[in-house]
Structures are given as C-alpha cells and as structure tokens.
Amino acid sequence: MESLVDFIRLLSQHGRLATANQLIAIAGLELEISDVNTEYQQLIEDEKYQDILLIQGELDSYFYSDRYIVNSYAQQWLGVNEDKLNATMAEYIRRYSALGELVPEDNFIHAPYNLAQADLKTLPQQFIAIAEFADIGYQQGDNGIGHYFSTESIKPSYAKVLANHDPFEWSV
C-alpha cells in the first residue's frame, strides 16, 4: 500500500480521488489488495501517511490526501462520480444557505462538477421538477449572475437582496 501513496497525493493535487484498483493500474504494479480497510489501517499507523484518507462510496472505497483535498470536496466528488449530481449540488446549496450565503451558479462549472454553460441554464428547471429539491431556489441578480439558495434557510425576498448586494458598495 505504501507504494501507492505518491499516486494518491499526485491525484489529490489535481482534485481526483481513486480506488485501490485504479491506483494499482496507474502505478503499473502487480499488487492485490484483498481488504482495503485493513490495508488502510495498517498504512496510517505510520505518521508520515496520516494525510491519506479513505472515503466509502456506494460501490467502492476511494483514497485521497487531506494535504490537497478537504472532506467536503471529497464528499462532493464522490456524489458527482456516483451519478448523484442533483442531490450533491442540493446538499452543497443547503450547507451554504444555512450560513446565510447564496451559491453563484458558476461555482458548478468548476471541479468536481465541471458543468458546461449550457447545463447551467437547465439546472433551475431540474430542481423545480424534482420534489426532493423543492427547497432549492434560484435568483438572478441585476448583473445577470444567477445564484442558488435553499428556502429552508433563506427567504426568496432575502435571496433577491443578497443576489444584488455589492460587497464593495461602501468602499472608498
């Protein structure tokens, strides 16, 4: 397992998580890991490997380094890569709304989402069409930038204010 650590860190630097089998293939090793959890526990007993984390998906376990990736990103990456795009996005929006913040729609053109501009245009309708995402709202600011929020935390009228707020309005 130690021979895979450099590959885990390299992929993490580029915003990627990987399974043990993917790492073995990338490394070009003839290595078989029968129990990923046991191998992982043995690996992190050594202090120099404690940045390596294991996250469990529905089908597989994924490795990443917390030197380069935070847990919230890893959770989002996992959701997107397990075809739970809308649910992952909704959770992200709800988390920021609970903090009183809107999520600019262009956040979703970046990793781990990597949506195209054309996909951004259809997102508000996708959220409206699915009952479990009924709390996800969309507010376009006067500047044309769209923002998402959860009505569980932010009222639509306040979202309109936030979407049009200029943080530098009182700057001199």
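How much area does the protein chain expose, and what share of it do carbon and sulfur atoms supply? The protein chain of this predicted model exposes about 10400 Å², with carbon and sulfur atoms supplying 49% of it.

**Figure 1. Overall view of the protein chain, with seven helices and five strands.** The model is predicted. Along the sequence, the elements follow the pattern α-α-α-β-β-α-α-β-α-β-β-α. The radius of gyration is 20 Å, well over the 16 Å that the globule rule gives for 172 residues, so the chain is more spread out than a compact globule. Its C-alpha atoms fill a box of roughly 60 × 45 × 25 Å along the principal axes. Of the 172 residues, 41% count as buried. Among contacts with a separation of 6 or more, 51% join residues 24 or more positions apart. The chain carries 10 positive and 26 negative charges, and the mean positions of these two sets are 6 Å apart.

**Figure 2. The largest nonpolar core, with 17 residues.** Met 1, Leu 4, Leu 23, Ile 33, Leu 43, Ile 52 and Phe 63 touch the most other members. Helix H1 (5–13), helix H2 (20–27) and helix H3 (36–44) are the elements that give two or more residues to this core. H2 gives the most, with four residues. Apart from this core lies another, of 15 residues. Ile 93, Phe 108, Leu 120 and Leu 123 are among the residues of that other core. In soluble globular proteins, nonpolar side chains tend to be buried together.

**Figure 3. Close-up of Ile 52 and its contacts.** Ile 52 belongs to the largest nonpolar core and is listed with the residues that touch the most other members. Leaving aside residues up to four places away in sequence, Ile 52 touches Val 5, Ile 8 and Arg 9, among others. Its further contacts include Tyr 40, Leu 43 and Ile 44. Phe 63, Tyr 64 and Ser 65 also touch Ile 52. Of these partners, Leu 43 and Phe 63 are likewise listed with the core members that touch the most others.

**Figure 4. Close-up of Ile 26 in helix H2.** Is Ile 26 buried or partly exposed? Ile 26 has 47% relative accessibility, so it counts as partly exposed. Its contacts are Phe 7 and Leu 11, not counting residues up to four places away in sequence. Leu 4 is 22 residues from Ile 26 along the chain, and their C-alpha atoms are separated by 9.1 Å.

**Figure 5. Close-up of Asn 86 in helix H5 (residues 85–98).** Asn 86 counts as buried, because its relative accessibility is 16% and the cut-off for buried is under 20%. Which residues does Asn 86 touch, not counting those up to four places away in sequence? The partners are Leu 123, Gln 126, Phe 127, Ile 130 and Phe 133. One of them, Leu 123, is a member of the core of 15 residues.

**Figure 6. Close-up of Glu 91, also in helix H5.** Glu 91 is partly exposed, with a relative accessible area of 48%. Ser 34 is 57 residues from Glu 91 in sequence. In space, the two residues are 33 Å apart, C-alpha to C-alpha.

**Figure 7. Close-up of Asp 83, in the loop between helix H4 (71–81) and H5.** Phi of Asp 83 is near 60°. This is a positive value in a residue other than glycine. Asp 83 has 74% relative accessibility and counts as exposed.

**Figure 8. Close-up of the loop between strand S3 (103–104) and helix H6 (117–129), where Pro 112 lies.** A cis peptide bond joins Ala 111 and Pro 112. Omega for this bond is about 5°. Asn 114 is found in the loop between S3 and H6 as well. Although Asn 114 is not a glycine, its phi is positive, about 55°. Asn 114 counts as exposed, at 51% relative accessibility.

**Figure 9. Close-up of Leu 99, in the loop between H5 and S3.** Leu 99 is exposed, with a relative accessible area of 60%. Which distance separates Leu 99 and Leu 29 in space? The two residues are 46 Å apart, C-alpha to C-alpha, and 70 residues apart in sequence.

Notes
Residues are numbered from 1 along each chain as its sequence is written. This is a predicted model: local features need pLDDT of at least 70, side-chain atom pairs count only at pLDDT 80 or more; totals for chains, interfaces and linings use all residues. Side-chain values use heavy atoms; hydrogens and water are left out. The radius of gyration is taken over C-alpha atoms; the globule rule is 2.2 Å times the number of residues to the power 0.38. Buried means under 20% relative accessible area, exposed over 50%, partly exposed in between (1.4 Å probe, protein chains only). Contact means heavy atoms within 4.5 Å. Accessible areas come from the Shrake-Rupley method with a 1.4 Å probe; for residues, only the protein chains shown count as cover. Lys and Arg count as positive and Asp and Glu as negative; His and the chain ends are not counted. The place of a charge is taken as NZ of Lys, CZ of Arg, CG of Asp or CD of Glu. A nonpolar core is a set of buried Ala, Val, Leu, Ile, Met, Phe, Trp, Tyr and Cys residues joined through side-chain atoms within 4.5 Å.
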